[in-house]
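Colleague: Could you take me through one part of this model in detail, the nonpolar core and the elements around it? I'd be glad of the overall layout before you zoom in.

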Amino acid sequence: MFFESLTQRFFSLLEVFEVARVPLKFRLRGLAETFVDDIRCPTCGHDGGEEGDQGFVTEYTRVTFDGIIVVIQCEPCGNIFVPSEQKLGVINSNRLRDAVEKDSGNTGQPVYSNKEQVRLEVERLNAEKGSKIH
Ligand SMILES: [Zn+2]
């Protein structure tokens, strides 16, 4: 009886723990997936609150030959950054490459082949944003 209730308590704690610690997860089915565990804005220190992703916008996320590079904009301060703690998984690199090239052809967006190129693009976006404010 004691063990049973202990186990139940343990499981209910686990669920709460999981809900509170949901990482950002991006998936392109059959191609690639990326997990981001901990996010903290390098400019203002915003950490996404209890859910870990509050006040963060991910619309600048890019798909590259190396996988999905998560790009985050911090709503409190407007800074755009590439979280360093992201786990990239590539499921099928040939198909991923095809998909990236096809998407570039369809959208007219440039191909980003790796994280470094995305980082440079993010720097450019931040600089552009800065010059608009002034
Ligand atoms: Zn911030």
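Modeller: Happy to. Read along the sequence, the elements of this predicted model run α-β-β-β-β-β-β-β-β-α-α. That gives 3 helices and 8 strands. Of the 134 residues, 20% count as buried. Among contacts between residues at least 6 apart in sequence, 60% join residues at least 24 apart.

Now to the part you asked about. The largest nonpolar core has 22 residues, and Val-70, Val-71 and Ile-72 are the ones with the most contacts inside it. At least two residues of this core come from each of these elements: strand S2 (32-36), strand S5 (67-69), S6, S7, H2 and helix H3 (115-133).

Val-71 is a good place to stop and look around. Leaving aside residues up to four places away in sequence, Val-71 touches Thr-58, Tyr-60, Thr-61 and Arg-62, and also Ile-80, Val-82, Val-118 and Val-122.

One of those partners, Ile-80, leads us to the sheet. Ile-80 lies in S7 and is the bridge partner of Gln-73. Strand S6 (residues 72-74) pairs with S7 in the antiparallel sense, over 2 bridges. Both strands belong to an open sheet of 3 strands, ordered S3-S6-S7 with antiparallel pairing. Its edges are strand S3 (56-57) and strand S7 (80-81), each of which pairs on one side only.

Helix H2, another contributor to the core, deserves its own look. H2 covers residues 93-107, and because a helix advances 1.5 Å a residue, its 15 residues should span 21 Å; the end C-alpha atoms are indeed 21 Å apart, in agreement with that expectation. Just after H2 comes Gly-108, with a positive phi near 80°.

Within H2 sits Ala-99, and you may wonder how its surroundings are classed. Ala-99 has 17 C-beta neighbours inside 10 Å, so it counts as partly exposed; the class of buried would need 20 or more. Follow Ala-99 across to Thr-64 and you will find their C-alpha atoms separated by 9.5 Å, although the two residues are 35 apart along the chain.

To draw the picture together: Val-70, Val-71 and Ile-72 have the most contacts inside the core, S6 and S7 are paired strands that each supply at least two residues to the core, and H2 and H3 each do likewise.

Key:
Residues are numbered from 1 along each chain as its sequence is written. This is a predicted model: local features need pLDDT of at least 70, side-chain atom pairs count only at pLDDT 80 or more; totals for chains, interfaces and linings use all residues. Two strands pair if DSSP finds at least two bridges between them. Helices (H or I, at least four residues) and strands (E, at least two) are DSSP runs, numbered from the N terminus. The expected span of a helix is 1.5 Å times one less than its number of residues. A residue is buried if 20 or more other C-beta atoms lie within 10 Å of its own, exposed if 12 or fewer, and partly exposed in between; C-beta atoms are placed from the backbone. A nonpolar core is a set of buried Ala, Val, Leu, Ile, Met, Phe, Trp, Tyr and Cys residues joined through C-beta atoms within 7 Å. Two residues are in contact if their C-beta atoms, placed from the backbone, lie within 7 Å.
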